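Dear colleague,

I am passing on the model we spoke about, and below it you will find my notes on what turned up when I went through it. Please read them with the coordinates open.

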Amino acid sequence: MEIREKAPAKINLSLDTPFHHQDGEQEWRMVMTSVDLADYLHIKSLEDRTDITVETDSGFLPCDHRNLAYQAAKILQDKFHINKGAQIHIKKQIPVAAGLGGGSSDAAAVLRALNKLWELKLSLAELAKIGLKIDSDVPYCVYSRTAHVTGRGEKIAILKELPPVWLVVAKPKISVSTPTIIRQIDYTHLVHPNVNAIVNAIEDDDVDALIDNLGNALEPITAERYPEITRLKKKMIKFGADAAEMSGSGPTVFAICRKKSRAQHVYNSLKGFCEEVYLVRPLS
Ligand code: ATP
């Protein structure tokens, strides 16, 4: 038995981290949405073997226990004493270590697929709870809908679909380690975005308020190490974007545009500066 499962990239329309817990984990306040840039997974249940294998067409990824897709299969296999194995193939389209949650989305796709293949009958909420053990973005990725995410990543409040906008996603040629950026946080100087304003903008279908309130508390930290991020944002605005912001801990930057023609212009203009550029829409 086998299943094909899509693992969409996410972007952070707003990202704040007001404090960290005593065990070192972050408290998050985020609004995330998923876009039509995705990895494609092919997951097969092995009926007469118990090993888990991961293959990918990307040269940048580990295929052993370090792969988040492997961890998702292993966690389900152990928790439910499954006497079967899994073969996972990942067609990687989402840039790696980019702030687009590719690893977490792959893990969430494996949870959804094996839930069906192994007939576990778990709800999305139960899968999300299991996913939190892998990474704080996995619970969100189990749903992959526009959502207000709080706590350590486990509290997911699904929001309305985004009002109609176009997005241009651009990844500069650098990789950013999320733990390295988090270690640099100085809470006394952290600039907190207005996360609630984004939640309200979505609930009110208010594109202007959405555009005015994008924010990411980690951006000044990543941008200080990598000035390319600020340069890219400025270019996006110069080429006609209504707003531009960094996603996750970076380095990916996205532009938001009311009109497709503007987004197309931003996309075409950035192609000369940046190898990895995508014109995408939020998932409906
Ligand atoms: P986040 O925003 O959740 O921190 P990210 O988008 O910045 O994630 P990922 O692409 O998920 O970054 O990769 C983060 C790390 O996870 C990389 O070091 C990568 O090697 C590792 N990793 C493990 N499995 C995967 C996977 N299936 N896809 C991508 N990265 C993976």
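To begin with the charged side chains, Asp 208, Asp 242, Arg 258 and Arg 262 are linked in a network of salt bridges. Please keep in mind throughout that this is a predicted model. In total the structure holds 21 salt bridges, and a few others are described here one by one.

Helix H9, which spans residues 228-238, contains both Glu 228 and Arg 231, three residues apart and thus about one turn of the helix from each other. These two side chains form a salt bridge in which the closest N and O atoms are 3.1 Å apart. Glu 228 counts as partly exposed, at 25% relative accessibility, and Arg 231 is likewise partly exposed, at 47%. A further salt bridge joins Lys 233 to Glu 245, with an N to O distance of 3.8 Å. Because Lys 233 belongs to helix H9 and Glu 245 to strand E9, this pair ties together parts that are twelve residues apart in sequence. Both partners are buried, Glu 245 with a relative accessible area of 6% and Lys 233 with one of 18%, the latter lying under the 20% cut-off for that class.

Towards the other end of the numbering, Arg 29 forms a salt bridge with Glu 27, and their closest N and O atoms are 3.2 Å apart. Here the two partners fall into separate classes, since Glu 27 counts as buried at 8% relative accessibility, whereas Arg 29 counts as partly exposed at 31%.

As for charges on the surface, Glu 203, Asp 204, Asp 206 and Asp 212 form a negative patch. Within this group, Glu 203 is found in helix H6, which covers residues 195-203, and it counts as partly exposed, with a relative accessibility of 35%.

The backbone deserves a careful look in three places, given that most residues other than glycine have a negative phi and most peptide bonds are trans. His 81, although not a glycine, has a positive phi of about 50°; it sits in the loop between helix H1 (68-79) and strand E4 (85-91) and is exposed, at 71% relative accessibility. Glu 119 also has a positive phi of about 50° without being a glycine, and this residue lies in the loop that runs between helix H2 (102-117) and helix H3 (124-131), where it is exposed with a relative accessible area of 57%. The third place is the peptide bond between Gly 250 and Pro 251, which is cis, with omega about 0°; Pro 251 itself lies in the loop between strand E9 (243-246) and strand E10 (253-257).

Two domain annotations come from an unreviewed UniProt entry. The record assigns "GHMP kinase N-terminal" to residues 67-144, a stretch that in this model is 54% helix and 9% strand, with its end C-alpha atoms 20 Å apart. It assigns "GHMP kinase C-terminal" to residues 205-274, over which the chain is 50% helix and 16% strand and the end C-alpha atoms are 32 Å apart.

Lastly, Pro 8 lies in strand E1 (residues 2-16) and is buried, with a relative accessible area of 6%. Its C-alpha atom is separated by 21 Å from that of Ala 86, which is 78 residues away along the chain.

With best wishes

How values were computed:
Residues are numbered from 1 along each chain as its sequence is written. This is a predicted model: local features need pLDDT of at least 70, side-chain atom pairs count only at pLDDT 80 or more; totals for chains, interfaces and linings use all residues. Side-chain values use heavy atoms; hydrogens and water are left out. Patches are made of residues with over 30% relative accessible area and no salt bridge: like charges are joined within 9 Å, nonpolar side chains (Val, Leu, Ile, Met, Phe, Trp, Tyr) within 5 Å. Accessible areas come from the Shrake-Rupley method with a 1.4 Å probe; for residues, only the protein chains shown count as cover. A salt bridge is a side-chain nitrogen of Lys or Arg within 4 Å of a carboxyl oxygen of Asp or Glu. Lys and Arg count as positive and Asp and Glu as negative; His and the chain ends are not counted. The place of a charge is taken as NZ of Lys, CZ of Arg, CG of Asp or CD of Glu. Helices (H or I, at least four residues) and strands (E, at least two) are DSSP runs, numbered from the N terminus. Buried means under 20% relative accessible area, exposed over 50%, partly exposed in between (1.4 Å probe, protein chains only). UniProt positions are given in the numbering used here, feature names are shortened, and annotations may be inferred rather than shown by experiment.
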